[in-house]
Amino acid sequence: MMTPWFAPIVWNSTYNIDILNAQFHQRGVRIGITVFAIKKYIVFVKKFVETAEKFFMAGFDVNYYIFTDRAEDVRQNNFTLNKGRRVIILEVPSYERWQEVSMRRMEMIRNYTQERFINEVNYLVCVDVDMEFSDDVGVEILSDLFGTMHPSFYEASRQHFTYERRPESEAYIPDDEGDFYYAGGFFGGTLEEVYKLTNYCHNAMITDMGKNIEARWHDESYINKYFLYHKPTKILSPEYLWDNRFGVPGILKRRRFVAVPKDHNAIRN
Ligand SMILES: CC(=O)N[C@H]1[C@@H](OP(=O)(O)OP(=O)(O)OC[C@H]2O[C@@H](n3ccc(=O)[nH]c3=O)[C@H](O)[C@@H]2O)O[C@H](CO)[C@H](O)[C@@H]1O
Ligand SMILES: [Mn+2]
């Protein structure tokens with residue numbers, strides 16, 4: 001429930017949501033959530049927003065920032081939103097390879113954080129779009145800088161973490177270092193902290209590209225490197241990022257945000 005640097009690990013029943021809601025409402029906190037729906041991934045947007053309206057930050061002001069190269073198609077969804085909640089469609093370029101689409105999210109989040117989000121929200125939550133909410137995800141996740149345990153590795157020991165192991169890469173992590181294996185698909189924090197993380201990851205990727213290196217798990221590898229030396233102030237348990245292909249272990253009392261099954265080849269090409 002607590003890391004050795006005193007960051008809480010958020011599991012069901014470790015917090016009282018009424019106390020937290022009162023505190024965050026008192027501060028008038030506004031929350032932004034970023035998702036990318038590039039090319040065929042626009043098919044995921046409808047369910048993502050619909051389920052977020054039920055489960056994500058209920059009762060709070062939320063801006064959905066949907067980055068897409070197909071704005072018209074995304075608009076066709078005619079979202080029905082609760083009070084205080086808005087969909088904002090941001091037109092961005094697309095990239096040919098899915099790996100680069102995934103990695104370029106860092107650059108785009110960084111740029112919009114500085115230009116726009118900073119004026120509109122107090123916290124940013126950055127997630128994958130091929131997901132749906134199936135239980136509450138509320139202000140208990142918010143902190144200066146938060147990351148999420150990857151559902152494949154929360155029980156694994158360090159030697160099994162799939163960090164980048166080539167010393168030439170900016171994402172390199174030595175064998176005897178590393179706290180957790182964090183997932184690329186759910187991180188966030190204050191605007192300042194998200195700016196620092198995304199700026200670091202983008203610059204590291206560009207440096208590697210110049211050397212013709214792409215880290216093993218793309219953006220996720222660079223996030224893991226960043227979190228090693230800039231420890232998150234809160235860590236989300238796999239309740240917040242689950243994939244039903246892993247079954248439902250006893251430790252998992254809630255599945256709050258779950259991968260939507262996809263045909264990888266069909267959707268990425
Ligand atoms: C749940 C989780 O931790 N997911 C991570 C995992 O892969 P995933 O296998 O879940 O990657 P993915 O196919 O979902 O791609 C990541 C994200 O990029 C966006 N996208 C991708 C391709 C495309 O054509 N259009 C598009 O919009 C979309 O928002 C998608 O959710 O590893 C990736 C890097 O390898 C990223 O770190 C993901 O965040
Ligand atoms: Mn995904």
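Is Glu220 buried or exposed, and how many other C-beta atoms lie within 10 Å? The legends below address this residue and two further sites. The model is predicted: local features need pLDDT of at least 70, side-chain atom pairs count only at pLDDT 80 or more, and totals for chains, interfaces and linings use all residues. Residues are numbered from 1 along each chain as its sequence is written, while chains are lettered from A and ligands numbered from 1 in the order in which they are written.

**View 1. Surroundings of Glu220 in helix 6.** Glu220 is buried, with 24 other C-beta atoms within 10 Å (buried: 20 or more such atoms within 10 Å of the residue's own, with C-beta atoms placed from the backbone). Helix 6 spans residues 219-229 (helices are DSSP runs of H or I, at least four residues, numbered from the N terminus). An unreviewed UniProt entry places the feature "active site" at Glu220; such annotations may be inferred rather than shown by experiment. Beyond four places in sequence, Glu220 touches Ala183 and Gly184 (contact: C-beta atoms, placed from the backbone, within 7 Å).

**View 2. Arg110 in helix 4.** Helix 4 covers residues 98-115. Arg110 is buried, because 20 other C-beta atoms lie within 10 Å. Apart from neighbours within four places in sequence, Arg110 contacts Tyr195, Thr198, Asn199 and His202.

**View 3. Ile33 in the largest nonpolar core.** This core has 70 residues, and those with the most contacts inside it are Ile33, Ala37, Val45 and Val129 (a nonpolar core is a set of buried Ala, Val, Leu, Ile, Met, Phe, Trp, Tyr and Cys residues joined through C-beta atoms within 7 Å). Not counting residues up to four places away in sequence, Ile33 touches Phe56, Val62, Tyr64, Tyr65, Val125 and Val127.

Methods: Helix = DSSP H or I, 4+ residues; strand = E, 2+ residues; numbered from the N terminus. Buried ≥ 20, exposed ≤ 12 C-beta atoms within 10 Å, placed from the backbone. Contact = placed C-beta atoms within 7 Å.
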